[in-house]
Amino acid sequence: MKKVLIIGIGAGDPDHLTLEAVKAIAAADVFFVLGKGPADGSGETTAHDLVRLRRDIISAHAREPYRVVEARDPERDRTGDAYAEAVVDWRSRRADVCERLVLDELGDDQTGAILVWGDPALYDSTLAVVEEVLARGSARFHHVVIPGVSSVSAMAARHRISLTRVARPLHVTTGRRLARAIGTGTGPAGGPDEFGDVVVMLDAHCAFADLPDADDVDIYWGAYLGTPDEILISGRVHDVAERIREAREQARARKGWIMDTYLLRRAPETGERTRGRTGTA
């Protein structure tokens, strides 16, 4: 029976690969790579940083003979207000691509692999896409998930902080939901005090800058974590918000893409205080 490995490869540093991930890559016959660039005359997508890293990892750890099959990743509709519906439609079109790859490119008793940025279980669509392909019934295969180092873990490590504190919860959300909470005065809109410490991912609009009553809230922000382009900034939100916004805009303009994440944490009144180091690496 066909097998598909969904392999978390970490946040950007090739050394983030776990031993389990290295073994899984070595066991694969075919690697499926979805690229986001425009198609060229040969039908292959233009090289992109994320695709290039995946290919470098495959080259370093895969065992011959193997094949790399690259396909165009469908674009998501970002023009409308129906976010959930747009994501469902995008995942369905991704499932179309993955279904075709498994049917046409993976032989019986072969093992295919999808290398997932970060960890497949944390704000990534691959598992949902694979489940949809299986639910359709035309492509039959067994799938295995290999966890990876998430950008959240990498961010905490690079800032040398713990994600959790004694007797306090950790809330993980998205920039879109944080912005909505701030606008409606619900959820962690009043800062990370009521909800414990707040990790925010996928924040394209720097929602942290609009936090009310944030004079004593620290932010630990990181972009391109684990890569040579890594940027780290931390400090009081009111002190570094504009610096983060400017760094983000400049980096995105320079590279054409950005992935970042951050932790919001209200500074404790007593005991060990969180650090306020700022800078880049």
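How many Å should the 23 residues of helix 3 span, and how far apart are its end C-alpha atoms? At 1.5 Å a residue the expected span is 33 Å, and the end C-alpha atoms are 32 Å apart, which agrees. The expected span is 1.5 Å times one less than the number of residues.

Before the tour continues, some conventions apply. The model is predicted: local features need pLDDT of at least 70, side-chain atom pairs count only at pLDDT 80 or more, and totals for chains, interfaces and linings use all residues. Residues are numbered from 1 along each chain as its sequence is written, and side-chain values use heavy atoms, with hydrogens and water left out. Helices (H or I, at least four residues) and strands (E, at least two) are DSSP runs, numbered from the N terminus.

**Stop 1: the sheet**

Select strands 1 to 5. They form an open sheet with the order 3-2-4-1-5 and parallel pairing; two strands pair if DSSP finds at least two bridges between them. Strand 3 (67–72) and strand 5 (141–146) stand at the edges, each with a single partner strand, so one side of each has no neighbour in the sheet. From one strand to the next, the twist averages 25°. Axes here are lines fitted to C-alpha atoms, for helices over the stretch in contact, and angles run from 0 to 180 degrees between N-to-C directions.

Next, display strand 2 (residues 30–35) beside strand 4, where three bridges join the two in the parallel sense. Phe31 has Ala113 of strand 4 as its bridge partner.

**Stop 2: Thr111**

Select Thr111, which lies in strand 4 (residues 111–116). Is this residue buried or exposed? Thr111 counts as buried because its relative accessibility is 13%; buried means under 20% relative accessible area, exposed over 50%, and partly exposed in between (1.4 Å probe, protein chains only). Leaving aside residues up to four places away in sequence, Thr111 touches Lys3, Leu5, Ala27, Ala28, Asp29, Val30 and Leu106, a contact being heavy atoms within 4.5 Å.

**Stop 3: the helices on the sheet**

Select helix 3 (residues 83–105), which lies across strand 1 (2–8), strand 2, strand 3 and strand 5 and runs at about 155° to strand 2. Its buried residues include Trp90, Arg94, Cys98 and Glu99. The buried residues of helix 3 pack against strand 1, strand 2, strand 3, helix 4 (126–136) and strand 5.

**Stop 4: the cysteines**

Select Cys98, buried at 13% relative accessibility, and then Cys206, buried with a relative accessible area of 5%. How many disulfides does a search of the whole structure find? The search finds zero, a disulfide being a pair of cysteine sulfur atoms within 2.5 Å.

**Stop 5: the aromatic pairs**

The structure holds three aromatic pairs. Rings of Phe, Tyr and Trp (its six-membered ring) pair if their centres lie within 6.5 Å; planes under 30 degrees apart count as stacked, over 60 as edge-to-face and the rest as tilted. Select Phe208 and Tyr262, an edge-to-face pair with 5.0 Å centre to centre and 80° between the planes. Phe208 lies in the loop between strand 7 (197–201) and strand 8 (217–223) and Tyr262 in strand 10 (residues 260–266), so the pair ties together parts 54 residues apart in sequence. Phe208 is buried, with a relative accessible area of 1%, and Tyr262 counts as buried at 1% relative accessibility.

Finally, select Tyr224 and Trp257, also an edge-to-face pair, with 5.1 Å centre to centre and 90° between the planes. Tyr224 is in the loop between strand 8 and strand 9 (231–236), and Trp257 in the loop between helix 7 (237–255) and strand 10, 33 residues apart. Both Tyr224 and Trp257 are buried.
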